[in-house]
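User: I have a model open and want to go through its helix packing. Can you take my questions as they come?
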Amino acid sequence: MSENTITLKAASAAYIVHLGAVGKKPSTLGTVKRTLDLLTEAMGEDKEVAKILPVHVAAFYKSESATMLKGKPRAEASILQIRRIVRAALVWWQEQGYSDKLPLPASEKAIQEKHANAVARRATKGKKKDA
């Protein structure tokens, strides 16, 4: 288990600072903050990131806060955006050592693996051009 314990609230704040530091637009930061606030509200601000399990993430994805807005169903694009933001945050938190495992549900892991493979292929192409 990761020795670096951090709460969901603190990890969310750190992720938003990171995104700002890499030049993300204020509108993007606002969207990410609102999404991570939904996650924090659902799981609790004192939840340790290292203790988030795939079942917790899956439950959040199915929750009313992630699928409804003001009593009406969210648009499919909004639901997918929430999932992308949460997935990206979880990956970054793992990279920072906040968690040893990536707590993605099986359906999300397939998406993440596909993305990681595409990034690796682009990196390999870049190295071949330099050679």
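User: Start with H2 and H5. Which residues meet there?
Analyst: This is a predicted model. On the H2 side the residues are Thr31, Val32, Thr35, Leu36, Leu38 and Leu39, and in H5 they meet Gln81, Ile82, Ile85, Val86, Ala89 and Trp93.

User: How many of the residues in that contact are nonpolar, polar or charged?
Analyst: Nine are nonpolar and three are polar, with no charged residues in the contact of H2 with H5.

User: And at what angle do H2 and H5 pack?
Analyst: The angle is about 85 degrees, and the axes are 10 Å apart. Angles from 65 to 115 degrees count as roughly perpendicular, so H2 and H5 are roughly perpendicular to each other.

User: Switching to the largest nonpolar core: how many residues, and which have the most contacts inside it?
Analyst: That core has 27 residues. Tyr15, Leu36, Leu39, Phe60, Val86 and Trp93 have the most contacts inside it.

User: Which helices each supply at least two residues of this core?
Analyst: Helices H1 (8-21), H2 (26-43), H3 (54-62) and H5 (76-95) each do. H5 gives the most, with eight residues.

User: What is Trp93 in contact with, beyond its sequence neighbours?
Analyst: Leaving aside neighbours within four places in sequence, Trp93 contacts Leu8, Ala11, Ser12, Tyr15, Leu36, Leu39, Val49, Tyr98 and Ser99.

User: Ser12, then. Where is its place, and is it buried or exposed?
Analyst: Ser12 is in helix H1. Ser12 counts as buried because its relative accessibility is 5%, and buried means under 20%.

User: What does Ser12 touch?
Analyst: Not counting residues up to four places away in sequence, Ser12 touches Leu36, Thr40 and Trp93.

Note on methods:
Residues are numbered from 1 along each chain as its sequence is written. This is a predicted model: local features need pLDDT of at least 70, side-chain atom pairs count only at pLDDT 80 or more; totals for chains, interfaces and linings use all residues. Side-chain values use heavy atoms; hydrogens and water are left out. A nonpolar core is a set of buried Ala, Val, Leu, Ile, Met, Phe, Trp, Tyr and Cys residues joined through side-chain atoms within 4.5 Å. Buried means under 20% relative accessible area, exposed over 50%, partly exposed in between (1.4 Å probe, protein chains only). Helices (H or I, at least four residues) and strands (E, at least two) are DSSP runs, numbered from the N terminus. Contact means heavy atoms within 4.5 Å. Axes are lines fitted to C-alpha atoms, for helices over the stretch in contact, and angles run from 0 to 180 degrees between N-to-C directions. Angles under 35 degrees count as roughly parallel, over 145 as roughly antiparallel, 65 to 115 as roughly perpendicular and the rest as oblique. Ala, Val, Leu, Ile, Met, Phe, Trp, Tyr, Cys and Pro count as nonpolar, Asp, Glu, Lys and Arg as charged, and the others, Gly among them, as polar.
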